[in-house]
Amino acid sequence: MLVKFLGTFTGLGNAEKLHKYFEEKKHGREEFEHNTSNSSNNSNSLEEETQGGQLEEHLLYGYLGIAEDLDRLDFNTKKWILVKSKKEIQELANAPVKTDDKSLNK
């Protein structure tokens, strides 16, 4: 599952909040890669963990994507999304405001 956010400060903030939430719950990138790399060993432990707990809390992982993650996206997703880096969003805030010269000369 892929969650898309706006390429704005608000979108970046929301993405970072979600990333932090999953990281605090030990469901971030590192845990996801560890659990998917040896999934055959984890099937019994997942059944034990979910007895009495909510299944969704054990299945969902989340992290901010990095450049290497773009290779994992399917063709249609790559075609319809625009990826902005954190640096690009921050540069947008520091960019000078463009004004219409005609309105200033009146």
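**Exercise 1. Classify E33 by exposure and find its charged partner.**

Solution. Step 1: in this predicted model, the relative accessible area of E33 is 33%. Step 2: the partly exposed class lies between the cut-offs of 20% and 50%. E33 is therefore partly exposed. Step 3: the side chain of E33 meets that of R29 in a salt bridge, at 3.7 Å from N to O. Step 4: R29 and E33 are 4 residues apart in helix α2 (residues 29-37), so about one helical turn separates them.

**Exercise 2. State which parts of the chain the salt bridge between R29 and D69 ties together.**

Solution. Step 1: the closest N and O atoms of R29 and D69 are 2.7 Å apart, and the two residues form a salt bridge. Step 2: R29 lies in helix α2, whereas D69 lies in the loop between α4 (55-59) and α5 (75-80). Step 3: the pair therefore ties together parts that are 40 residues apart in sequence. Step 4: the side chains of R29 and D69 are also joined by a polar contact of 2.7 Å.

**Exercise 3. Decide whether D69 and R72 are buried or exposed, then give the network to which they belong.**

Solution. Step 1: D69 has a relative accessibility of 12%. Buried means under 20%, so D69 counts as buried. Step 2: for R72 the relative accessibility is 54%. Exposed means over 50%, so R72 counts as exposed. Step 3: R72 and D69 form a salt bridge, with their closest N and O atoms 3.9 Å apart. Step 4: through salt bridges that share partners, R29, E33, D69 and R72 are joined into one network. Step 5: for context, a search of the whole structure finds 5 salt bridges.

**Exercise 4. List the contacts of R29 and D69, leaving aside neighbours within four places in sequence.**

Solution. Step 1: start from R29, in helix α2. With those neighbours left aside, R29 is in contact with G62, Y63, L64, G65, I66 and D69. Step 2: go on to D69, in the loop between α4 and α5. On the same terms, D69 is in contact with R29, Y63 and L64. Step 3: put the two lists side by side. Y63 and L64 appear in both.

**Exercise 5. Place Y21 in the chain and on the surface.**

Solution. Step 1: Y21 is a residue of helix α1 (residues 9-24). Step 2: its relative accessibility is 44%, so Y21 counts as partly exposed. Step 3: a residue of a patch needs over 30% relative accessible area. Step 4: Y21 belongs to a nonpolar surface patch of about 630 Å², made together with M1, V3, F5, L18 and L60.

**Exercise 6. Summarise the chain as a whole.**

Solution. Step 1: count the elements. The chain has 7 helices and 0 strands, and from the N terminus on its elements run α-α-α-α-α-α-α. Step 2: take the burial. Of the 106 residues in the chain, 11% are buried. Step 3: take the surface. About 9300 Å² is exposed by the chain, with 53% of this supplied by carbon and sulfur atoms. Step 4: take the contacts with a separation of 6 or more. Residues 24 or more positions apart account for 71% of them.

How values were computed. Residues are numbered from 1 along each chain as its sequence is written. This is a predicted model: local features need pLDDT of at least 70, side-chain atom pairs count only at pLDDT 80 or more; totals for chains, interfaces and linings use all residues. Side-chain values use heavy atoms; hydrogens and water are left out. Patches are made of residues with over 30% relative accessible area and no salt bridge: like charges are joined within 9 Å, nonpolar side chains (Val, Leu, Ile, Met, Phe, Trp, Tyr) within 5 Å. Accessible areas come from the Shrake-Rupley method with a 1.4 Å probe; for residues, only the protein chains shown count as cover. A salt bridge is a side-chain nitrogen of Lys or Arg within 4 Å of a carboxyl oxygen of Asp or Glu. Helices (H or I, at least four residues) and strands (E, at least two) are DSSP runs, numbered from the N terminus. Buried means under 20% relative accessible area, exposed over 50%, partly exposed in between (1.4 Å probe, protein chains only). A polar contact is a pair of N or O atoms within 3.5 Å; within protein, one must be able to donate a hydrogen and the other to accept it, and residues adjacent in sequence count only if both atoms are side-chain atoms. Contact means heavy atoms within 4.5 Å.
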